[in-house]
Amino acid sequence: MSHAQEMIEHISKNVIRKADVQIDENTPLVSSGLIDSFALVDILMQLEDVTSLRIPAGKVQPKDMDTVALMLETAARVGKPRK
Amino acid sequence: MSIFNSDSSVTVGYRTITEALAAAPGQKTFATMWRGDDDSETVTFGEFKLQASAFAQELLREGVATGERVIVIMEQGIPLMAAFAGTMMIGAVPAILAYPNFKVDPAKYRNGLAGVSANLRARLVLVDGDFPEDLLDCISADGATVKRFGELPESGSWFSFDHAADPDDLAFIQHSAGTTGLQKGVALSHGAVLRQLDHLAERLRLRDDDRIYSWLPLYHDMGLIACFMLPLVYHLPVMMQSPTDWVMQPRTMPELITADRSTIAWVPNFALQLLARRVRPEDRADFDLSSMRALINCSEPVRAQSHDEFLSAYADSGFKREALLSSYAMAENVFAVTQSPVGFTPKRIWVNGAMLRNGHIAQVVSPSVPNALCFVSSGTCIAENRVEVTGDDGEPVDEGQVGELAVTGDSVFTGYYNRPDLTARALRGGWYWTGDLGFVLDGEVYVIGRKKDLIIVGGKNIYPQDVEEIVYAHPSIHDGRAVALGHYNEELGTEDILIIAEVESEADLANATEIERNIKAAVISELGVAARAIYLKPPRWVVKSTAGKPSRSDTREKFFAEHPEVIGVSA
């Protein structure tokens with residue numbers, strides 16, 4: 001499974017939790033109100049697990065997490081190998 | 001060394017906040033703004049005074065006069081603090097508003113800003129270089145001018161202000177609940193702020209080696225008073241980060257406390273749960289929180305479960321149980337009304353649940369009694385402050401009886417700026433009617449929740465009316481037939497927004513997913529918080545009051561009767 005698919009599955013199953021709401025890599029999540037800022041904490045931790053990267057504090061803003069595609073771009077841009 | 005002795009009459013001795021700033025030792029560290037391991041900025045009091053002076057001189061060049069209002073909208077950081085202090089230095093009156101986030105609807109933000117600007121009759125709006133230009137179109141029409149600081153003004157020399165501020169002069173305006181346009185500006189004098197800080201410092205047994213940590217926004221009383229005014233007046237260092245950086249990565253708070261050896265911090269209740277549940281156990285092993293002597297749970301009802309989860313999660317990080325404190329605070333009293341004492345865990349009691357619900361009396365029972373409810377005290381009143389529990393007739397009720405909390409003291413506000421209508425409702429005979437429900441036992445104040453329908457999400461106050469207005473705007477929703485409710489979410493330790501709305505016709509229910517999606521998008525863009533769930537109902541479902549308006553309490557009751565699963569999840 002690709003990183004994007006893993007993230008989509010996690011967000012659909014554990015965050016949105018509504019069978020009739022389908023998301024893809026480019027679905028706006030934060031700006032659409034589908035998820036709130038509290039959920040971003042979980043998503044960011046999942047992103048670190050999926051990519052095996054550590055996202056340094058202060059380097060990611062909600063707008064960088066608005067879609068799954070943006071999340072993965074952000075992780076690739078600022079992520080560091082985990083200890 | 002303690003700044004305070006046991007004599008409660010001891011005061012810091014300044015007449016104004018700016019006098020306290022002027023007296024600060026130039027070499028001592030004041031504020032650090034942390035944005036990441038390779039991006040932090042620290043200023044001494046001397047450097048901060050120069051930055052504030054530069055803003056003060058710039059404002060004078062703009063022709064801002066004593067007493068005129070200046071709105072400051074800048075990203076959380078030292079320039080924002082310097083602009084605020086610089087405004088006070090020339091005797092003008094600053095008010096910080098929230099910085100727009102990327103979710104904001106430009107039209108709504110413009111309207112809100114225009115509303116606040118008009119109400120304050122602001123002379124100037126100070127924004128930073130990154131502030132979106134399209135959000136400023138509205139301002140000039142109201143007589144205010146916009147001043148953009150792409151870079152900090154030149155820091156010359158310490159500005160020797162010659163206006164003779166009086167302790168009774170207005171120092172600044174704090175904004176209370178509501179969407180931007182409906183926000184209530186709480187007008188506070190220098191004297192009221194300094195008296196509040198004196199009493200708070202005394203209760204906290206403030207020391208000159210204390211170090212404050214904060215992620216709290218400066219437009220909120222916890223951030224502005226406890227984490228900016230307190231260290232400014234008592235010449236203490238404060239380590240800050242932005243609320244967004246913290247909420248995205250909660251581990252940064254214990255990381256910074258560990259690194260800075262911070263001793264005092266304030267947080268809303270939900271933060272304790274977020275720290276317990278959203279920081280990996282393996283990360284916690286690296287933290288040393290033994291320096292903390294006061295982590296104060298403030299701004300939402302204090303919940304035992306949140307305390308227990310936090311204490312359990314950080315037991316191996318050196319955090320002392322007796323360092324987790326509680327407080328009851330509000331902008332209308334500058335800040336704290338109560339504060340539990342340092343060095344003691346806040347008192348807990350268990351009360352008979354049925355008697356509380358049905359008889360509105362807190363009867364203390366053993367924790368083992370079935371349906372006993374646990375309450376954590378918010379502490380006793382700080383010096384010169386009083387709380388009275390009042391019945392529906394506005395008269396005091398007996399000890400242990402539940403009622404609306406009314407507060408008074410030597411720092412209670414004198415009114416909402418330019419809003420005599422709102423002031424008359426909330427402030428009567430020197431008492432502020434808080435709209436909070438609670439009870440008092442043995443002098444300890446227990447806050448249960450809101451009498452008004454206010455929803456508190458992550459420490460942010462949301463009026464249900466604001467949410468409902470947004471819902472009504474949807475073409476498939478019957479105008480005037482929606483109710484927004486706050487519902488405690490145990491997982492998050494704060495309230496969720498639930499929306500119950502009638503569709504225009506049954507056929508609309510087939511498009512429920514689309515309607516819900518549109519409403520959620522509108523709520524987040526206008527209020528900046530997400531609605532957790534929307535329940536669309538057929539016509540004539542919402543319960544109306546005799547006045548023909550939706551009854552929140554009756555609709556709530558009907559809703560939970562029909563949706564017991566919601567209670568089961570997070571009652």
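What follows is a short dialogue on reading the folds and contacts of a predicted two-chain model.

Reader: Let's start with chain A. How many helices and strands does chain A have, and in what order do they run?

Author: Begin by listing the elements, then read them off along the chain. Chain A has three helices and two strands, and from the N terminus on they go α-α-β-α-β.

Reader: How do I judge how compact chain A is for its length?

Author: Put the radius of gyration beside the value from the globule rule. For the 83 residues of chain A the rule gives 12 Å, and the chain itself comes out at 12 Å, so chain A is as compact as a globular protein of that length. As for its dimensions, the C-alpha atoms fill a box of roughly 40 × 25 × 20 Å along the principal axes. Some 34% of the residues of chain A count as buried. And if you take the contacts in chain A with a separation of 6 or more, 62% come from residues 24 or more positions apart.

Reader: At what angle do helix 1 and helix 3 of chain A cross?

Author: Look at the axes, then at the residues between them. Helix 1 (residues 3-16) and helix 3 (residues 68-78) of chain A have axes that come within 10 Å and cross at roughly 125°. That angle falls outside the roughly perpendicular range of 65 to 115 and is not over 145, so helix 1 and helix 3 of chain A are oblique to each other. The crossing of these two helices is right-handed. On the helix 1 side, H3(A), A4(A), M7(A) and I8(A) make the contact; on the helix 3 side it's V68(A), M71(A) and L72(A).

Reader: On to chain B. What does the same bookkeeping give for its helices and strands?

Author: Chain B has 17 helices and 27 strands. Its radius of gyration is 24 Å, which agrees with the value near 25 Å that a compact globule of 571 residues would have. The box around its C-alpha atoms is roughly 70 × 55 × 55 Å, and buried residues make up 51% of the chain.

Reader: In which order do the four strands of the open sheet in chain B lie?

Author: Sheet order is about who sits beside whom, so read across the strands. Here the order is 4-3-5-6, with parallel pairing. Strand 4 (93-96) and strand 6 (145-149) of chain B are the edges, each pairing on one side only. Neighbours in this sheet are turned by 25° against each other on average, direction ignored. For one pair in detail, strand 3 (residues 69-73) of chain B is joined to strand 4 by four bridges, and I71(B) stands opposite A95(B).

Reader: Which helix lies across strand 3, strand 4 and strand 5 of chain B?

Author: That's helix 4 (residues 106-120) of chain B, running at about 155° to strand 3.

Reader: Is strand 7 of chain B largely enclosed or open?

Author: Count its buried residues. Six of the six residues of strand 7 (residues 170-175) of chain B are buried, so the strand is largely enclosed by the rest of the structure. Strand 7 runs antiparallel to strand 8 (residues 185-189) of chain B, with five bridges joining them. In that pairing, Q174(B) stands opposite V186(B).

Reader: Last one: how many residues does each chain put into the contact between chain B and chain A?

Author: Count each side separately. Chain B brings 27 residues and chain A brings 24. On the chain B side, helix 7 (243-248) and helix 15 (512-527) each supply at least two residues, and helix 15 gives the most, with six residues.

Notes
Residues numbered from 1 in each chain as written. Chains lettered and ligands numbered in written order. Predicted model: local features only at pLDDT ≥ 70, side-chain atom pairs only at ≥ 80, totals over all residues. Pairing = 2+ DSSP bridges. Axes fitted to C-alpha atoms, helices over the stretch in contact; angles between N-to-C directions. Contact = placed C-beta atoms within 7 Å. Rg over C-alpha atoms; globule rule 2.2 N^0.38 Å. Buried ≥ 20, exposed ≤ 12 C-beta atoms within 10 Å, placed from the backbone. Parallel < 35°, antiparallel > 145°, perpendicular 65-115°, else oblique. Left-handed = near helix turned anticlockwise from the far one by under 90°.
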